[in-house]
Amino acid sequence: MTDLSKLEADLVAAVAGAADLAALEAVRVAALGKSGSVSELLKTMGGLSPDERRERGPLINGLRDRITAALTVRKAELEEAALNTKLAAERVDLSLPAPPERRGRVHPTMQTLDEMIAIFADMGFGLAEGPDIEDDFHNFTALNFPPKHPAREMHDTFWLPEDANGERKLLRTHTSPVQIRVMQQASGKLPGWIATGQAPPIRVIVPGRVYRSDSDATHTPMFHQLEGLVIDRAIHMGHLKWTLDAFTRRFFESDAVVTRFRPHHFPFTEPSAEMDVQCDRSGGSVKIGEGSDWLEILGGGMVHPKVLANCGLDPDEWQGFAFGLGVDRLGMLKYGMPDLRDMFAADIRWLEHWGFSAFQAPNPATGLS
Ligand code: DAH
């Protein structure tokens with residue numbers, strides 16, 4: 001075997017034996033690199049006589065070409081093998097079952113609120129909001145609460161420390177102060193307050209958090225109310241009754257729901273009433289639409305002329321009704337949750353049990369999911 005054919009055999013074996021791209025590159029450098037074995041042979045050509053060159057030249061060039069070709073072929077093989085290994089390692093098995101996903105649940109209060117809003121929105125009510133931290137004027141004075149009314153006392157209301165102006169703000173005890181803000185804005189008395197921007201006629205609902213210093217199975221320091229306010233020129237108690245009756249039937253998803261209005265007292269409405277729903281309370285749970293018990297679910301009445309005047313609306317021109325509902329309480333009634341305090345205990349097990357899917361089919365009564 002000549003020296004060239006031995007070199008070729010060695011290099012071909014080295015190329016074939018290169019197990020990966022890095023090993024192959026080492027073989028290439030050893031053969032064709034600057035001082036590789038083949039490169040060194042090529043360098044010797046300059047020193048050969050013309051006869052020798054004619055004889056050796058094609059042999060050496062042929063060797064270089066074959067080694068180059070062998071390197072190219074092996075490189076392609078190794079690249080394909082590397083790709084196949086990678087594909088095999090990264091293979092996604094689409095037939096595998098998906099690992100369970102922890103899904104959030106819609107809190108029953110928010111579900112209830114969404115249903116209520118959808119029903120009133122269908123009746124043409126707009127939405128207004130106000131601040132949780134209120135002043136005495138909006139929470140009490142403008143709503144015609146007398147100076148010594150018990151709701152103004154510490155044991156019922158969370159008062160904030162005096163501010164720099166000597167004023168004590170409070171956590172609103174109801175959503176009724178937003179009535180005042182909406183009417184003030186409508187009468188132009190409260191420029192810049194963004195509520196509805198509506199001049200009378202007004203037709204709004206006000207959902208929101210309210211706060212009272214209270215805690216037992218049916219009272220929590222924070223809960224949710226939904227206020228309603230309608231102001232126009234010829235509004236009377238009949239409109240209030242129809243609105244609340246229609247709401248109640250739709251909310252409880254039954255035309256069998258029976259309601260009754262009882263005279264009551266609120267400082268900000270005259271006359272005032274509470275509305276009860278007929279229910280069955282025997283057996284520990286409350287069933288709406290049957291039985292002979294009554295359960296109070298809301299307060300309402302005709303907006304007191306003094307309240308209208310306090311907001312800059314002329315009571316001889318405008319009148320209307322207002323009402324206030326406890327959102328969490330209505331949710332408890334509709335969905336059968338026994339204890340109001342659980343609703344705000346942030347216990348994930350409770351929420352998983354009583355919560356709602358965010359992806360459920362639309363509720364046939366409300367059209368809302
Ligand atoms: N603000 C009352 C409360 O928290 C509820 C209420 C009663 C609101 C009568 C009204 C109303 O707008 O007219 O107990």
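**Cores and pockets in a predicted model**

Q: Which residues does Phe 120 touch, leaving out those up to four places away in sequence?
A: This is a predicted model, where local features need pLDDT of at least 70, side-chain atom pairs count only at pLDDT 80 or more, and totals for chains, interfaces and linings use all residues. Residues are numbered from 1 along each chain as its sequence is written, and side-chain values use heavy atoms, with hydrogens and water left out. Touching here is a contact, meaning heavy atoms within 4.5 Å. On that basis, Phe 120 touches Phe 125, Ile 205, Leu 226, Thr 243, Phe 247, Phe 323 and Leu 325.

Q: How many residues does the largest nonpolar core have?
A: A nonpolar core is a set of buried Ala, Val, Leu, Ile, Met, Phe, Trp, Tyr and Cys residues joined through side-chain atoms within 4.5 Å, and buried means under 20% relative accessible area (1.4 Å probe, protein chains only). Met 116, Phe 120 and Leu 226 are among those with the most contacts inside the largest one. Its residue count is 28.

Q: How many residues are in the second, separate core?
A: Look for Ala 128, Phe 140, Val 182 and Leu 229, which this core includes. Its count is 27.

Q: What does the pLDDT of the protein chain average?
A: pLDDT is the predictor's confidence in each residue, from 0 to 100. Here 94% of the residues score at least 70. Over residues 192-196, though, the pLDDT is below 50. The chain average is 90.

Note on methods: Buried < 20%, exposed > 50% of the residue type's maximum accessible area, 1.4 Å probe, protein only.
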